[in-house]
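Reader: I would like to learn how to read contacts, cores and strand pairing in a model of this kind. Could you take me through them one at a time?

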Amino acid sequence: MTHPREAGAPILVVEGVSLSFGGVKALQGVSFDVREHEIRAIIGPNGAGKSSMLNVINGVYHPDSGTVEFRGERRRNVDPHRAAQRGIARTFQNIALFRGMTALDNIMTGRNLKMRTTFLQQALYWGPARREELEHRARVEEIIDFLEIQHIRKTPVGRLPYGLQKRVELGRALAAEPDLLLLDEPMSGMNVEEKQDMCRFVLDVNDQFGTTIVLIEHDMGVVMDISDRVVVLDYGRKIADGTPDQVRANRDVIDAYLGVAH
Amino acid sequence: MAEASQDTFPRLLLSQAKARPERPAFREKDLGIWQTWTWAQALDEVRAIACGLAAQGFQRGDRLAVVGDNRPRLYWAMMAAQALGGVPVPLYQDAVAAEMAFVLQDADIAFAVAEDQEQVDKLLENVPQCPSLGHIYFDDPRGLRHYAQGELTSLDALVALGREFARRNPEFFAAEVEKCRAEDIAVILYTSGTTGNPKGVAQTHAAVIETARVLVAFDGFTEKDEVLCYLPMAWVGDFLYSYAQSLVAGFCLNCPESPETVMTDLREIGPTYYFGPPRVYENILTQVMIRIEDASWLKRRIFHFFMGIAKRVGMGILEGRPGVPLTDRMLYGVGSLLVYGPLKNVLGLTRIRVAYTGGEAIGPDLFDFYRSIGVNLKQLYGMTETCVTVSMHASGQVRLETVGRPMPGVEVRIADSGEVLVRSPGVMRGYHKRPDETREAIDAEGFFHTGDAGYFDADGHLKIIDRARDVGRLANGALFAPKYLENKLKFFPYIKEAVCFGHEREMVCAIINIDMEAVGNWAEKRGLPYSGYVDLASQAPVYDLLRGCVQTVNRDLARDATLGGSQIRRFLVLHKELDADDGELTRTRKVRRRHIAEKYRALIDALYSGSTHCYIETQMRFEDGRTGMVSADLRIAEAEVYDVAATLKAA
């Protein structure tokens with residue numbers, strides 16, 4: 001599938017980011033950029049530092065050195081809340097939903113940042129709070145329609161199969177109307193059909209809302225099919241960066257994945 | 001009662017919009033909220049689509065393919081085509097592109113309305129083979145933004161075009177509707193056809209409307225009724241029971257939010273009548289039973305206690321039969337409060353007045369379950385060629401084994417061969433572009449040959465027993481309907497498949513397949529050890545279990561003067577499952593009788609020779625394509641038969 005949309009100017013620039021936990025060097029001087037409207041993949045073997053990179057971008061980890069520049073604002077330390085306000089939303093590798101709440105309510109929590117009325121007003125469900133809730137609900141319903149999860153709208157998330165939980169989590173991230181969407185292994189643990197669905201949703205999000213997407217993925221086939229550009233990490237270092245075809249032909253990447261004869 | 005001004009679908013639409021402009025005509029759940037269109041609004045939309053189509057060159061007599069899930073706009077597109085004197089051709093939305101190609105070519109489709117990207121893709125794939133297909137309109141634009149094909153237009157754009165056209169030609173729509181005649185073709189419905197290509201059944205406005213009027217009068221439908229349209233639009237059931245009846249009676253068609261949400265939508269809408277093939281009712285019941293088994297001990301006990309009561313007296317109360325003791329009535333009342341009412345509410349059946357089923361045989365347990373909790377489930381009989389509606393149970397005269405008496409205006413005749421012949425206003429004009437097959441199906445007197453074998457019982461109820469060509473006679477002349485017997489056997493949970501033999505032989509014998517899951521469970525509960533399928537199938541207690549089933553069937557048959565002679569005398573339990581991979585079943589799981597007779601000739605000879613054992617070796621194909629041999633020494637068992645005359649007298 002081809003996208004006629006244009007990748008624009010860099011929206012996110014990561015420069016020389018290093019991060020260590022005690023003696024473990026998770027990231028060592030990693031630099032790359034993400035352009036507006038593109039799908040950017042970060043791949044690498046287990047323990048390569050992919051999730052750490054994502055956590056640095058949305059401020060869960062603070063890098064030891066290096067900077068992250070988002071929409072022209074350069075900073076080293078930012079907390080996740082601020083990152084979310086600036087338009088970065090994410091999903092998690094091991095799903096972090098409120099299991100006892102319905103799919104609808106879970107997605108509604110994604111609207112939290114957009115809510116202007118106070119807790120007390122909302123509790124009374126009166127006047128502006130009511131109006132606002134209706135607006136948010138309408139937006140959430142659009143997301144439910146978009147992700148085709150109408151049939152589980154009122155189902156507690158804990159009762160849903162894994163593939164659908166992942167979809168709900170994507171829905172919650174979308175509810176924040178982000179400029180940059182970080183997806184941590186959105187296809188892990190899915191069967192072929194679920195993967196295809198998820199690919200389609202990722203492409204549709206990118207296409208319809210123009211959302212810039214950074215995704216971490218294990219499944220090479222998926223990555224090569226849907227990404228515009230790919231960064232490859234290995235032992236915390238960047239070993240390749242380019243279009244899927246360039247990366248596929250890169251010697252270091254092949255070595256990192258298949259091992260080298262010593 | 002058929003006023004001349006309402007003899008075509010577009011005129012019915014006009015009269016509904018005039019008679020009840022503010023009543024809801026269509027509902028669809030969109031973004032979580034039920035959206036309603038009144039009859040006046042529906043007419044407005046239909047007019048816009050019709051004018052748009054006309055502006056795009058749609059001519060009288062042109063055919064419009066409609067493909068997608070049930071959505072108001074697709075129904076409107078059908079109405080629009082009819083208003084222009086065109087013929088809607090609804091297609092099955094789950095057909096793959098290659099299957100669509102045949103219908104698109106056969107019906108010379110030039111205009112098509114598709115629901116979404118999925119359907120558009122399939123239609124576009126067929127454009128090279130169907131060069132006439134020049135206009136494709138889509139309802140849901142999602143994913144279609146980058147499609148540049150010249151054939152594609154959105155329905156929104158078509159509607160806008162139509163409104164513009166209507167502004168310039170205000171008299172156009174009314175004039176087109178005026179030109180429609182009752183004997184014009186109103187729709188072409190393709191029958192799936194078990195053999196060869198599907199056949200297009202052409203029905204006139206008069207036939208469908210006449211039939212719908214009979215149905216509306218039969219169960220007293222009014223504008224206040226509600227129905228959920230969830231069955232394929234290409235199926236005659238939806239066209240007649242939703243589309244046509246709503247236009248005749250003026251009630252509202254409710255379209256589900258998505259195919260997955262049907263159960264929820266059903267609950268929210270609470271339809272007053274419902275139509276579904278047996279498997280839909282079966283799925284609902286299975287879901288209920290699974291959830292009941294997961295419920296707490298107390299709830300389970302309450303459920304089973306009251307279901308016992310319902311089974312005993314529920315049907316008597318539903319049918320208003322006398323002789324139900326007061327205590328039972330009171331218990332049933334309590335059960336309604338505690339179990340049946342809430343259960344019906346969960347299933348969305350609270351407001352149901354009538355529920356129909358048809359198309360295939362329905363199991364007694366299933367049938368009784370719904371009727372015992374107070375759902376007025378009835379069977380009907382018919383086919384696309386007769387606008388369904390050959391016969392139907394009247395309320396209060398529902399009997400599981402029959403399909404009721406012929407409907408008003410329908411003549412049913414049983415041919416000497418046993419085949420059911422039908423003459424009614426609803427019999428089709430003919431198969432589209434197939435005059436030879438039409439002549440074969442409809443005789444000089446206008447009777448349609450259904451291909452089904454049946455007979456009338458003592459009360460004048462029609463009983464359908466089998467396909468006519470499968471029905472045979474025993475050597476002594478007794479009627480033998482293998483599928484009827486097999487269905488009866490298969491209604492037992494322990495029996496997965498059964499094949500009966502007896503044509504031109506002295507008695508009926510059966511080969512039975514156990515249902516591994518059900519019999520396995522049964523064996524476990526009894527502490528009966530077994531090593532696998534072959535072992536379980538050959539155990540003496542299993543044979544006893546199945547003998548019980550066979551004898552129940554025999555006892556049932558003995559009550560039937562016509563089929564009582566074909567009781568099953570000997571049977572065996574096959575050591576392997578009949579399988580489509582081995583050519584024993586078709587892909588739709590119908591038994592291939594002749595092939596089985598050939599393959600298991602040794603077994604059949606043993607059944608008829610009176611021996612008690614038979615050794616057999618069969619080739620079996622595994623899922624990975626390899627083949628292997630299984631062998632077994634099969635036991636042959638006898639079943640008791642009952643005297644027909646004595647049983648009839650006792651009853």
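Author: Let us begin with contact, since the rest builds on that idea: two residues are in contact if their C-beta atoms, placed from the backbone, lie within 7 Å. Please keep in mind that this is a predicted model.

Reader: With that cut-off, which residues is B:Ala510 in contact with, leaving aside its neighbours within four places in sequence?

Author: B:Ala510 is then in contact with B:Leu489, B:Ala498, B:Val499, B:Cys500, B:Val550, B:Ile568 and B:Phe571.

Reader: How do I go from such contacts to a core, and where does the largest nonpolar core lie?

Author: In soluble globular proteins, nonpolar side chains tend to be buried together. Here the largest nonpolar core has 176 residues, and B:Ala510 is among those with the most contacts inside it, together with B:Val66, B:Ala80 and B:Ile512. Helix 2 of chain B, residues 39-55, gives the largest share of this core, 10 residues. Because domain 1 (4-204) and domain 2 (471-650) of chain B both give residues to this core, it lies between them. Another core, of 67 residues, lies apart from it and includes A:Val168, A:Met187, A:Met198 and A:Ala256.

Reader: B:Ile512 was named in the largest core; what stands opposite B:Ile512 in strand 26 of chain B?

Author: To read strand pairing, one looks for the bridges and then for the sense in which the strands run. Strand 25 of chain B (residues 508-514) runs parallel to strand 26 of chain B (residues 568-573), and 5 bridges join them; within strand 26, B:Val573 is the residue opposite B:Ile512. Strand 26 also pairs with strand 28 of chain B (residues 627-638), in the antiparallel sense and over 3 bridges, and there B:Arg570 has B:Glu638 as its bridge partner.

Reader: How is chain A divided into domains, and which elements give two or more residues to the side of domain 1 that touches domain 2?

Author: Chain A is divided into domain 1, made of 1-87 and 179-262, and domain 2, which covers 99-177. Their C-alpha centres lie 27 Å apart, and the contact takes 10 residues from domain 1 and 9 residues from domain 2. On the domain 1 side, the elements giving two or more residues are helix 2 (80-85) and helix 7 (192-209) of chain A, with helix 7 providing the largest share, 4 residues. The residues of that side divide into 7 nonpolar, 2 polar and 1 charged.

Reader: How many residues does the contact take from chain B and from chain A?

Author: That contact takes 9 residues from chain B and 11 residues from chain A, and the chain B side divides into 1 nonpolar, 6 polar and 2 charged residues.

Key
Residues numbered from 1 in each chain as written. Chains lettered and ligands numbered in written order. Predicted model: local features only at pLDDT ≥ 70, side-chain atom pairs only at ≥ 80, totals over all residues. Domains from an automatic or database assignment. Nonpolar A, V, L, I, M, F, W, Y, C, P; charged D, E, K, R; others polar. Core = buried A, V, L, I, M, F, W, Y, C linked by C-beta atoms within 7 Å. Buried ≥ 20, exposed ≤ 12 C-beta atoms within 10 Å, placed from the backbone. Pairing = 2+ DSSP bridges.
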